[in-house]
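Here is a short report on one protein model. It covers the fold, the surface and a few side chains.

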Amino acid sequence: DVGSSGASRQVLVAVLLFATGVVVGSGAVGGAIVGGMIPSLPRWLAVLWSATALLGAIGARTGGADMLKGAARVAFWGALAMAATAGIGKLFGATIG
C-alpha cells in the first residue's frame with residue numbers, strides 16, 4: 001500500500017511543514033504591518049530563521065531522525081536560501097518597502 005510507506009509520510013510531513021512555514025512568515029509580516037510596527041530586518045531574519053529551525057526539528061522528529069541534526073540542517077540551508085534570495089534581489093535592484 002503506497003499510503004502507508006515511510007516515503008509517503010515524509011512527503012506529507014514536508015508539505016505540511018512547508019505550509020506552516022509560509023503561514024508563520026506571512027502571519028509575522030502581516031501582523032506587524034497591521035499593527036503599524038515595522039521591526040528591523042535583522043530581527044525579522046532572526047524570527048524567521050528560528051521558526052525554520054523549529055520546523056526542521058519537528059520534521060526530523062516526525063521522520064524518526066535526530067531533532068538537533070534536522071534543525072541544524074534546515075537552519076543552515078534556510079539561511080543559505082535567504083542569503084541567495086537577498087543577493088539576487090540586490091543584483092536586480094529589488095528593494096523591500
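## Confidence and fold

Among the elements of this predicted protein, H1 has the lowest mean pLDDT, 72, and H3 has the highest, 88. The pLDDT is the predictor's confidence in each residue, on a scale from 0 to 100. Over the protein the average is 77, and 74% of the residues score at least 70. Because the model is predicted, local features need pLDDT of at least 70 and side-chain atom pairs count only at pLDDT 80 or more, while totals for chains, interfaces and linings use all residues. Residues are numbered from 1 along each chain as its sequence is written, and side-chain values use heavy atoms, with hydrogens and water left out.

The protein has three helices and zero strands. From the N terminus on, the order is α-α-α. Helices (H or I, at least four residues) and strands (E, at least two) are DSSP runs, numbered from the N terminus.

Contacts are heavy atoms within 4.5 Å. Of the contacts in the protein with a separation of 6 or more, 44% are between residues 24 or more positions apart.

## Surface and burial

The accessible surface comes to about 7100 Å². Carbon and sulfur atoms own 74% of that surface. Areas come from the Shrake-Rupley method with a 1.4 Å probe; for residues, only the protein chains shown count as cover. Of the 97 residues, 16% count as buried. Buried means under 20% relative accessible area, exposed over 50%, and partly exposed in between.

Two residues illustrate the classes.

| Residue | Helix | Relative accessibility |
|---|---|---|
| Gln10 | H1 (residues 6-34) | 48%, partly exposed |
| Trp77 | H3 (residues 67-91) | 53%, exposed |

Which residue lies 10.0 Å from Gln10, C-alpha to C-alpha, though 54 residues apart along the chain? That residue is Gly64.

## The Trp77 region

Trp77 counts as exposed because its relative accessibility is 53%. Phe76, Trp77 and Leu80 make a nonpolar surface patch of about 350 Å². Patch residues have over 30% relative accessible area and no salt bridge (a side-chain nitrogen of Lys or Arg within 4 Å of a carboxyl oxygen of Asp or Glu). Like charges are joined within 9 Å, and nonpolar side chains (Val, Leu, Ile, Met, Phe, Trp, Tyr) within 5 Å.

The structure holds one aromatic pair. Phe76 and Trp77 form this pair edge-to-face, at 4.9 Å centre to centre and 80° between the planes. Rings of Phe, Tyr and Trp (its six-membered ring) pair if their centres lie within 6.5 Å; planes under 30 degrees apart count as stacked, over 60 as edge-to-face and the rest as tilted.

Notes: Buried < 20%, exposed > 50% of the residue type's maximum accessible area, 1.4 Å probe, protein only.
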